[in-house]
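Colleague: Could you walk me through this one slowly, please? I would like to begin with the overall picture and then go to single residues.

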Amino acid sequence: MKIVITGLGVLAPNGLSVPSFWDAMCSGKSGIDTITGFDITDFPITIAGELTGFDPENYVERREMRKLDRFSILALAAAHEAIQHSGLNLDSINLERVGVILGTGVGGIQTLEEQHLALTTRGPRRVSPHFVPKMIANIAAGQIAIKYGFQGPNQTVTSACASANDAIGFSLRLLRAGDADIIFAGGSEASVSPLPMAGFAKMKALTQKNDVPSEASRPFDLDRKGFVMGEGAGFLVLETEEHAEKRNAVILAELAGYGATDDAFHVTQPVKGGTGAVNAMKLAMNDGKFNLEDIQYINAHGTSTYYNDKNETSAIRTLFGSQADTIKVSSTKSMTGHLLGASGAIEAIACVKAIESGRIPPTINYTTPDPECDLDYVPNQSEKLSITGILSNSFGFGGHNAVLSFRPWEKN
């Protein structure tokens with residue numbers, strides 16, 4: 001059974017809709033700038049990928065705002081665009097067969113921060129009755145289901161930075177199993193806030209190259225110093241091929257395969273040589289019935305950290321051997337920053353658009369090659385390429401590895 005993609009919705013630091021996001025990707029436009037959402041006076045890190053110009057009132061009524069964490073609002077906005085893009089008529093489909101599977105790393109962290117402050121400064125009576133249903137990680141998927149009446153499988157996946165890829169992969173399997181006809185699959189994250197920023201800074205995971213924000217995220221470059229935090233959301237409308245054809249949907253691409261492993265090595269560092277990543281890529285290819293020579297492009301996890309970039313490069317070389325030199329590999333995090341649990345969703349959208357347009361987004365800020373990172377990273381400018389197969393990699397703290405495979409859809 002083929003599972004196809006019929007709709008996309010995205011909020012990213014460099015684009016608040018699919019068209020603007022893809023234009024920015026192809027032109028190498030960064031969405032990283034100085035943080036405006038909170039006071040950065042005492043922070044060593046002052047940059048992030050925020051959603052500049054995003055107006056939540058375009059998607060949520062003002063009276064509902066106090067009941068929703070920002071990560072839920074972002075999810076609702078991206079789901080709205082995905083519905084419109086898919087051409088779905090909600091009055092003509094069986095809503096009991098429509099599901100939502102969402103990935104998030106930290107869920108309602110902004111609500112947790114706000115309500116902990118209320119507790120410690122004003123006492124327990126000042127904690128909001130909306131605190132728990134705003135904060136819990138599953139609530140964004142639940143809110144989407146409530147808004148649109150989707151009564152099918154509704155789950156939330158938390159596997160750190162692999163969350164969205166796992167959510168999309170689980171959706172693939174649920175659709176193949178016959179548990180739904182349509183699933184909205186993706187991720188949402190609103191982690192550009194004081195506590196996550198302070199925590200990642202203390203770990204020395206974030207770059208402190210604050211002077212030129214747009215140049216701070218530089219995956220695979222010798223001068224990379226760490227990742228840049230980003231926020232946003234993305235959804236793909238996944239359908240069984242039969243259901244999509246029956247409603248005469250425009251099919252954008254095929255979600256062909258999924259592979260997931262764990263390094264079982266270290267809480268934050270990838271295993272040397274990227275063996276877990278190798279196995280996840282291999283599983284995604286086998287699930288999608290790809291041969292090595294079928295893959296032309298890999299959307300890399302590419303965080304701009306020393307260990308990830310080196311080990312991901314090693315993993316690609318191990319799996320593809322000499323053929324690795326012919327594969328285009330790029331990190332779109334160079335333009336968006338790292339959206340943690342939502343990163344795989346917006347990167348999956350970039351993969352679908354690459355198939356649709358025949359264009360590979362670049363890795364920007366690639367100026368000084370690293371001898372340990374020696375692949376074709378599509379430096380600084382997008383490239384035209386006819387694509388038969390794509391892998392999209394996401395790796396997370398805890399050793400989680402989740403890889404998706406895509407191909408152009410061909411009618412049987």
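Colleague: How does the radius of gyration of the chain sit beside that of a compact globule?

Modeller: The two agree, because a compact globule with 412 residues would have a radius of gyration near 22 Å and the chain has 20 Å. The radius is taken over C-alpha atoms, and the globule rule is 2.2 Å times the number of residues to the power 0.38. Please keep in mind that this is a predicted model, in which local features need pLDDT of at least 70 and side-chain atom pairs count only at pLDDT 80 or more, while totals for chains, interfaces and linings use all residues. Residues are numbered from 1 along each chain as its sequence is written, and side-chain values use heavy atoms, with hydrogens and water left out.

Colleague: And what box do the C-alpha atoms fill?

Modeller: Along the principal axes, the C-alpha atoms of the chain fill a box of roughly 65 × 55 × 40 Å.

Colleague: How many helices and strands are there?

Modeller: The chain has 13 helices and 14 strands, where helices (H or I, at least four residues) and strands (E, at least two) are DSSP runs numbered from the N terminus.

Colleague: What share of the residues counts as buried?

Modeller: Of the 412 residues, 61% count as buried, and that word means under 20% relative accessible area, with exposed meaning over 50% and partly exposed in between (1.4 Å probe, protein chains only). Among contacts between residues at least 6 apart in sequence, 80% join residues at least 24 apart, a contact being heavy atoms within 4.5 Å.

Colleague: What about charges, how many are there of each sign?

Modeller: There are 35 positive and 45 negative side chains, and the centres of the two sets lie 3 Å apart. Lys and Arg count as positive and Asp and Glu as negative, while His and the chain ends are not counted; the place of a charge is NZ of Lys, CZ of Arg, CG of Asp or CD of Glu.

Colleague: New topic: how many disulfides are there?

Modeller: The count comes to zero disulfides, with a disulfide taken as a pair of cysteine sulfur atoms within 2.5 Å. Cysteine 161 is in no disulfide, and the nearest cysteine sulfur, that of cysteine 351, is 17 Å away. Cysteine 161 is also buried, at a relative accessible area of 12%.

Colleague: Why is cysteine 373 too far for a bond?

Modeller: Its closest cysteine sulfur is in cysteine 161, and because that atom is 18 Å from the sulfur of cysteine 373, the pair is too far apart for a bond. Cysteine 373 counts as buried as well, with a relative accessible area of 2%.

Colleague: Now the backbone: which residue other than glycine has a phi near 60°?

Modeller: That is asparagine 248, whose phi is positive. Asparagine 248 sits in the loop between helix 9 (241-246) and strand 8 (253-262), and at 68% relative accessibility it counts as exposed. Asparagine 365, which is not a glycine either, has a positive phi of about 65°.

Colleague: Is asparagine 365 buried or exposed?

Modeller: Asparagine 365 counts as buried, since its relative accessibility is 12%, and its place is the loop between strand 11 (359-360) and strand 12 (383-384).

Colleague: What does histidine 130 touch, leaving aside its neighbours within four places in sequence?

Modeller: With those neighbours left aside, histidine 130 is in contact with Arg66 and Lys67. The C-alpha atoms of histidine 130 and lysine 67 are separated by 5.9 Å, although the two residues are 63 apart along the chain. Histidine 130 belongs to the loop between helix 4 (109-122) and helix 5 (131-135).

Colleague: And where does glutamate 383 lie?

Modeller: Glutamate 383 lies in strand 12 and is partly exposed, with a relative accessible area of 25%. Beyond its neighbours within four places in sequence, its contacts include Lys328 and Val378.

Colleague: One last pair: how far is valine 212 from aspartate 33?

Modeller: Their C-alpha atoms are separated by 8.1 Å, with their positions 179 residues apart along the chain. Valine 212 lies in the loop between helix 8 (194-202) and strand 7 (232-240), and is partly exposed at a relative accessible area of 30%.
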